[in-house]
Structures are given as structure tokens and as C-alpha cells.
Amino acid sequence: MDKFYTKTPILDKSSGLILEVIEKCKEEVCFIDFSCGNNYLCNILSKQGVKCFSYDIDPPKNMDADNVITCDWLTVKPHNIGNCVIGINPPFGKNGTEARKFVDHALLFKPLFIVLILPKIRWKIHGYTLMHSEQLDVNSFYIPDGKDFSWPTTLLLLSRNVDSGLRTFIAKSKKNAKLDVDITRKWKNGFTGNMAIIRRAGRNAGHQSYVVSGDSIIYRSNGQWKVTEWTQNKHSVEGDCFLKIYPTDKPFESDYLIGLCEKIDADSDCNKASACVGYITNKFVADRL
Ligand SMILES: C[S@@+](CC[C@H](N)C(=O)[O-])C[C@H]1O[C@@H](n2cnc3c(N)ncnc32)[C@H](O)[C@@H]1O
């Protein structure tokens, strides 16, 4: 488990960013630190009147952990807390894999803003727009015994995009312009635009999908979107079990494809829980464009 703490000037700066966005909101917005360590950040934000929730699986022994909820963040269920900001410095794991899990889990809470200290690799968080990105000094951390700890990291602040309103979006597109698409089982090598890929056969037909948008791939399963690694999945989607939806006229907006996949997921009556094989047809997809 990555155990290093962030130096206070960085957390002071982070609290400034958080306060700035919270103060601009009309409604009450709380702050959730998903891996709070010594809880420095929530302590200062609470003093500013922000309602805070702090989680850590193993807070330091030598601190007053009364205000820390000691548990695994990845098991915390999205509760009814209304508007929130979530972050900030999770364990990173190899190539950021642990950090990615923390962020994915945070997305279930639909935070208005996400504030993160992440290893310096390329991050894309679907549905959020980058407001602030700053490379931190490598010496911004220390380990529990007080010694400096160096790691290249970035401080990020992102805001949630206005919900595109899935059903409205699709209805509007249908009324205004019939999209010209190619719905096919064939995999077009070399296609580089935005596209959707939807499972057509099996008990998960319609319930599993991918939206490919530039270098970013998101995967939908069990009603949730997750950022995924394309290299692991590309091979299986090239086959007959998946329908590919390519534009033939103008390029797709990724939000449009996300809405389409969500609608197909909601409307597919293939039974995820039973072994019973189902399928969705090209027409089923076309009717939902
Ligand atoms: C990199 S440290 C950062 C601590 C603090 N956020 C800071 O910046 O000073 C990561 C923290 O995550 C905690 N942690 C590790 N796995 C966790 C989990 N599954 N759920 C909640 N906290 C976890 C560790 O105990 C540690 O305090």
C-alpha cells in the first residue's frame, strides 16, 4: 500500500482550489477525501465551514482519527449526500492502476468536482472537464517517518459536464437529423473516428458496450461506465459477437454514442442473470439512433 503524505503547502493550495469552486455553488457542497491520511485537508476545510467526510483504510496511529471513517474507499456505497467534491491523493499502484480504481469509484458519487493528486501520466476522466492542471514539485511528499518522498505528480481539478440528458439528446437528434450510420459485425481496420461497439449476442447482449473516442476508450457493464485499456479488449470486440456502429456521413459526438449505448442497455431485454442466450439486431440499434 502506498503510504506517503502530501506536504502542507500543496494541501493548502488544494484547499484553496476546493473552496473557490464550493463558494461559487449556490447549493451546499460537501467535500470527501477518499484517502485522507492524517486528514490535514479536511481539518482546514472544516474550519472554513465545509462539511467534510474523510476516509482512510489505515489512518496514522499517532493522530486523532475521530473524524476519519476507517474503511476501504472502494467499498463505500454512494450515499445520499447531494452535491460533493471528491479527491484527492490515492495510492497510485503500478502505472496508476490503484489510483484509477479510486477515481472510478468516486465517479459513482457523481461529484460536481474532482480534485486529484495523481502520478504524472495522461488522464482522461469521461464526463469531466479539466479546470486546473499543475505539475507538482517532485519533492511534495514525505513518508510517515518524516523523510522526503519524491514522485512526479500532477494536481488536477475537474468539473462535471452538464448532464447531456440522455433521452432528450436522442430524441432531439432523431427529430432534427437522421444519422447516417453503418451498423455491422465487421471490424474496419484503420478506422480512427469515434464509434460505438455493442455486444449483440449472449445474455449480456445490449448490456455491454464500448465508446471509442480518440485514444480514450470507455466500457459499459452493469450499468456503469469505466475507462478501460483498449489493448486488452480490442481482440474480442473484433469478432461477430459485437455490433460496430460507424458514422458514414459526419463524425459522431462521443456524448451521442454514450447516450445511444445507455438507451440500448436500458431497452435490451436479454437476461443478464440467466444463461439464456439472447441477441439484439441491427434494426434494434437503428431504431434507437
Ligand atoms: C498516498 S497516501 C496519501 C495520504 C493523504 N491523502 C495525503 O495526501 O497526505 C494514500 C493513503 O490512502 C490510504 N489508503 C490506501 N488504500 C486505501 C483504501 N482502499 N481506502 C481508503 N484509503 C486507502 C493509505 O492508508 C494512505 O493514507
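**View 1. The pairing of strands β14 and β15 in this predicted model joins I218 to V227 as bridge partners, with V227 lying in β15.** The structure shown here and in the other views is a predicted model. β14 and strand β15 (residues 224-227) run antiparallel and are joined by four bridges. The two strands form a hairpin with two residues between them. In the turn of this hairpin, N222 has a positive phi of about 50°.

**View 2. Strand β14 is also joined to strand β13, by five bridges.** Strand β13 covers residues 209-213 and strand β14 covers residues 216-221; the two run antiparallel. S213 has S216 of β14 as its bridge partner. Two residues stand between β13 and β14, which form a hairpin. G214, in the turn of the β13-β14 hairpin, has a positive phi of about 60°.

**View 3. An open sheet is formed by three strands in the order β1-β8-β9.** The pairing in this sheet is antiparallel. β1 and β9 (148-149) each have a single partner strand and stand at the edges, so one side of each is left without a neighbour in the sheet. Strand β8 (residues 141-142) is joined to β9 by two bridges. One bridge partner pair consists of F141 and F149, the latter in β9.

**View 4. Helices α1 and α2 cross at roughly 45°.** Helix α1 spans residues 8-24 and helix α2 spans residues 40-47, and their axes come within 10 Å. The two helices are therefore oblique to each other. The crossing in which α1 passes α2 is right-handed. On the α1 side, the contact is made by T8, L11, S14, S15 and I18; these residues meet Y40, L41, I44 and L45 of α2. The residues of this contact comprise six nonpolar and three polar ones, with no charged residue.

**View 5. The shell around the ligand contains 20 residues.** Among these residues, Y5, T6, S35, G37 and N89 come nearest to the ligand. Two elements, β1 (5-6) and β3 (52-56), give two or more residues to the shell. When the shell is divided by class, 11 residues are nonpolar, four are polar and five are charged. Charged residues are thus present in the shell around the ligand, whereas the contact of α1 with α2 has none.

Methods: Residues numbered from 1 in each chain as written. Predicted model: local features only at pLDDT ≥ 70, side-chain atom pairs only at ≥ 80, totals over all residues. Axes fitted to C-alpha atoms, helices over the stretch in contact; angles between N-to-C directions. Parallel < 35°, antiparallel > 145°, perpendicular 65-115°, else oblique. Left-handed = near helix turned anticlockwise from the far one by under 90°. Contact = placed C-beta atoms within 7 Å. Nonpolar A, V, L, I, M, F, W, Y, C, P; charged D, E, K, R; others polar. Near = placed C-beta within 6 Å. Pairing = 2+ DSSP bridges.
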